Every structure is written in structure tokens, then in C-alpha cells.
Amino acid sequence: MVAMEIEHIRVFEIRLPQGAELPMHSHPPWAIVAINSWCRHGGQSGWLRSPIMDAWDTITSRRQVRSFTSDPIPKRDLDRILEAGRRAPSSRNGQRWDFVVVSDKGQLDRLSQVWQGASWIAASAATIALVVSQAEGDEALIDRLDLGQAAMQMMIAATGLGIGSGQAVCRDQALAQEVLGFPDGKQCALLIALGYPVDRPLKPIQNPSRRDFDEVVHFGTW
Ligand SMILES: Cc1cc2nc3c(=O)[nH]c(=O)nc-3n(C[C@H](O)[C@H](O)[C@H](O)COP(=O)(O)O)c2cc1C
């Protein structure tokens, strides 16, 4: 083992035989910190395929990330994030969604102009556009519920890999269609920008900015 210091955390280089993965249960807490920290710093070494985070830590570590390092996302990690979206549940298993992945800088620059609240996606390593049919009434409502599940599943998968995600709505549909090339009758419902966070690694947030548990949760009746 070789040790080095990254942000006051001692990170151990663990060399595994090619293709090998450590069994989840064998990780003591320090290893989880070390692996997550390593992945935050590029995640490109290939020594470990992914950081190990349990479900709760992954959920509590996800946050809206709007600034990204210039590190690209390894293809296998991007594919895993997309696969997480593909596996999402949907009403009657309709799966009425398509995912358009953009990593070209010119495309990202243009896509970041779909509305002022999406400008930061220009610096993402990749952005996934969630495309859905233009629908109305109940169908539109169901589509949004389905898309929300696919979106969250992708963001959770990203978090588990130490990859930051940030979502933005898409206002200028004409521009989005020009950049993404989706057919008429479709629309871009949401953009999920991905990349390694600039500010700090993803780790469980102790006090999230949320309404109080007792205010939100009603047991039995309201
Ligand atoms: C449907 C949806 C649309 C959003 N659109 C934007 C957006 O256009 N621009 C943006 O900066 N943040 C956007 N956000 C991010 C929210 O502002 C953010 O998730 C919220 O403030 C909670 O912060 P957290 O994700 O860090 O917990 C969106 C979130 C959701 C769920």
C-alpha cells in the first residue's frame, strides 16, 4: 500500500488484480472515505471501478452540484448512470423517455442557453437530456412522475460513483431541439449535468435545507 495526503485525508492506493472488486462488506469506514476521496480526484485510475457507498449514504450525499472540474467521466461510469435511468420504474412500464447524452463542449455551451438558470451546465463533463413526448392531461402528469424517477435514479447512481449531478429545466425548446436533434412532437423535460464537484467531495449532509420532519410527515392522518 502507498499512502498520500489529499485534503487532510490519508488515501491508500489499493492495487487489485485486473477485473477484481473488493467485496462490499470488507470495507472498513476509512476505506470508504479513502475510495470516495480518490474518485473525487478524477476517478480515472481504473484501480477501483467505483466508490463504495451504502444506500443511505448515497441518498444523503446527493446535492445539486453546479460547478465541475474539467475531468471527463469514464465511459463505464456514464453508462452505469444511464443504465440506472433505463431501469427506473414507470407507470405500466411505459418507459416513455429517451436520454440524449451530450459531452461535446460546443453542444454544452449552446444547451446551457436554454434558460438563465441552466448556464452552469456549460462546464459539466456531460449532460443528459431527458426527452419525452409532448402530452397533455393525465398522460403528461404520469410522464413527469416517470421522468422524476428516472432522473433521481440516475443522480443517485452518479452520487454512488462520486460524480456530482445538477438538474435544470429546459425553457427554450426550439434551441434544445436544434442542439439535441430530437424529433417534432418531443420535448426536453429536464437536463441532468454531471461532473466531479469543484467545491467539496460528495459526502452525507447532516443538516439539509429542508422543512422539518414533523412538519412534513403525518402519521395516520394529516
Ligand atoms: C424539477 C427540478 C428542476 C430544477 N431546475 C433547476 C434549474 O433549472 N436550475 C437550477 O440551478 N437548479 C434547478 N433545480 C435544483 C433545485 O434548486 C435543488 O434541487 C433544490 O434547491 C434542493 O437542493 P439540493 O438538490 O442540493 O438538495 C431543479 C430541481 C428540480 C427537482
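Here a biologist and a modeller talk through a predicted model of one chain.

Biologist: Let's start with the overview. How many helices and strands are there in the chain?

Modeller: Read along the sequence, the chain follows the pattern β-β-α-α-α-β-α-β-α-β-α-β-α. Each α in that pattern is a helix and each β a strand, and the count comes to seven helices and six strands.

Biologist: What share of the residues count as buried?

Modeller: The chain has 222 residues. Among its contacts with a separation of 6 or more, 77% are made by residues 24 or more positions apart. As for burial, the share of residues that count as buried is 31%.

Biologist: Now to strand 4. How many of its residues are buried?

Modeller: Strand 4 covers residues 126-133 and pairs with strand 3, residues 98-102, in the antiparallel sense over five bridges. In that pairing, phenylalanine 99 stands opposite leucine 130. Strand 4 is mostly covered, and its buried residues number seven of eight.

Biologist: How many bridges join strand 4 to strand 6?

Modeller: Strand 6 spans residues 186-195 and runs antiparallel to strand 4. Alanine 126, for one, stands opposite leucine 194 in strand 6. The number of bridges joining the two strands is eight.

Biologist: Let me pick one residue of strand 4, serine 133. Does it count as buried, partly exposed or exposed, and why?

Modeller: A residue needs 20 or more C-beta neighbours within 10 Å to be buried, and 12 or fewer to be exposed. Serine 133 has 15 inside 10 Å, so it falls in between and counts as partly exposed.

Biologist: Which residues does serine 133 touch, leaving aside those up to four places away in sequence?

Modeller: Serine 133 and cysteine 188 are 55 residues apart along the chain, while their C-alpha atoms are separated by 8.7 Å. Leaving aside residues up to four places away in sequence, serine 133 touches Arg96, Gly185 and Lys186.

Biologist: On to helix 5. How far apart are its end C-alpha atoms, and why does that agree with what it should span?

Modeller: Helix 5 runs over residues 137-160, which is 24 residues. At 1.5 Å a residue, it should span 34 Å, and this agrees with the distance in the model because its end C-alpha atoms are apart by 35 Å.

Biologist: What do the buried residues of helix 5 pack against?

Modeller: Its buried residues include Asp143, Leu147, Ala150 and Met154. After the helix comes glycine 162, with a positive phi near 80 degrees. The partners that the buried residues pack against are helix 2, helix 3, strand 4, strand 5 and strand 6.

Biologist: In helix 6, within what arc do the buried residues fall?

Modeller: Helix 6 covers residues 173-180, and its buried residues are Ala176, Val179 and Leu180. Seen down the helix axis, they line one face of the helix, because they fall within an arc of 85 degrees.

Biologist: Which residues are exposed on the other side of helix 6?

Modeller: The buried residues of helix 6 pack against strand 3, helix 4, strand 4 and strand 6. On the other side of helix 6, the exposed residues are Ala174 and Glu178.

Biologist: Last one, the ligand. How many nonpolar, polar and charged residues does the shell around it have?

Modeller: The residues around the ligand are Arg63, Gln64, Arg66, Gly117, Ala118, Gln167, Ala168 and Val169. Sorted by class, they come to three nonpolar, three polar and two charged.

Terms used: Residues numbered from 1 in each chain as written. Predicted model: local features only at pLDDT ≥ 70, side-chain atom pairs only at ≥ 80, totals over all residues. Helix = DSSP H or I, 4+ residues; strand = E, 2+ residues; numbered from the N terminus. Pairing = 2+ DSSP bridges. Contact = placed C-beta atoms within 7 Å. Near = placed C-beta within 6 Å. Nonpolar A, V, L, I, M, F, W, Y, C, P; charged D, E, K, R; others polar. Expected span 1.5 Å × (residues − 1). Arc of directions from axis to C-beta.
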